[in-house]
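Reader: Could you take me through this model?
Author: Certainly; please have the sequence and coordinates open.

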Amino acid sequence: MTIDSDPIPATLSWAVRLLRAEAVAVGLVAAWLLWADLTATTTDLTSALLVTAFAIGAAVALWALGGALARRKAGARAPAIVLQLMLLPIGWFMVQGGMGWLGVPLMALGLGMTALLVSTPTTRALGFE
């Protein structure tokens with residue numbers, strides 16, 4: 001049995017938790033999309049399945065990145081940051097479309113997660129300093 005003398009910093013721990021929570025949320029959206037694909041009366045099935053596959057892939061990627069960061073894999077930080085920054089244009093278009101109640105929190109989540117991932121304790125824990 002090995003005891004890690006250098007515990008995971010709170011910033012990295014929270015980033016992992018939030019990535020996993022995002023994965024669950026996107027997974028629930030994917031499940032809803034799949035149900036909608038299967039029960040729709042008229043649809044462009046190819047497009048519907050591609051959107052559903054994209055959502056499933058995003059959920060898997062978020063979950064995997066959370067796991068990699070929990071194991072302190074430095075290479076997972078950049079893709080995680082990219083996925084978080086993708087929330088900014090998504091949130092912006094939601095605000096423009098009248099869904100500010102959802103767009104603003106998504107943008108705040110993206111910026112907050114990016115801050116957690118580039119913070120000094122996280123950077124040190126991942127071996128960048």
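The exchange below covers the overall fold and then some individual residues.

Reader: What should I know about the source before we start?
Author: This is a predicted model, in which local features need pLDDT of at least 70, side-chain atom pairs count only at pLDDT 80 or more, and totals for chains, interfaces and linings use all residues. Residues are numbered from 1 along each chain as its sequence is written, and side-chain values use heavy atoms, with hydrogens and water left out.

Reader: How many helices and strands does the protein chain have?
Author: The protein chain has six helices and zero strands. Helices (H or I, at least four residues) and strands (E, at least two) are DSSP runs, numbered from the N terminus.

Reader: And what box do the C-alpha atoms fill?
Author: Along the principal axes, the C-alpha atoms of the protein chain fill a box of roughly 60 × 35 × 20 Å.

Reader: What share of the residues counts as buried?
Author: Of the 129 residues of the protein chain, 32% are buried. Buried means under 20% relative accessible area, exposed over 50%, and partly exposed in between (1.4 Å probe, protein chains only).

Reader: Turning to the surface, which residues make the nonpolar patch?
Author: L34, L38, L45 and L49 make a nonpolar surface patch of about 380 Å². Patch residues have over 30% relative accessible area and no salt bridge (a side-chain nitrogen of Lys or Arg within 4 Å of a carboxyl oxygen of Asp or Glu). Like charges are joined within 9 Å, and nonpolar side chains (Val, Leu, Ile, Met, Phe, Trp, Tyr) within 5 Å.

Reader: Which helices supply it?
Author: α1 (10-39) and α2 (45-70) each supply at least two residues of the patch. L34 lies in helix α1 and has a relative accessible area of 37%, so L34 is partly exposed.

Reader: Now T114: buried or exposed?
Author: T114, in helix α5 (residues 100-118), is buried because its relative accessible area is 13%. A polar atom of the T114 side chain lies 2.8 Å from the backbone oxygen of G110.

Reader: What does T114 contact further along the sequence?
Author: Leaving aside neighbours within four places in sequence, T114 is in contact (heavy atoms within 4.5 Å) with I81, Q84 and L85.

Reader: And V118, what does that residue touch?
Author: Not counting residues up to four places away in sequence, V118 touches R77, I81 and T123. V118 is also in helix α5, and V118 and L12 are 9.4 Å apart, C-alpha to C-alpha, although 106 residues apart in sequence.

Key: Areas by Shrake-Rupley, 256 points an atom, 1.4 Å probe, with all protein chains shown as cover. Polar contact = N/O pair within 3.5 Å; in protein donor to acceptor, adjacent residues only side chain to side chain.
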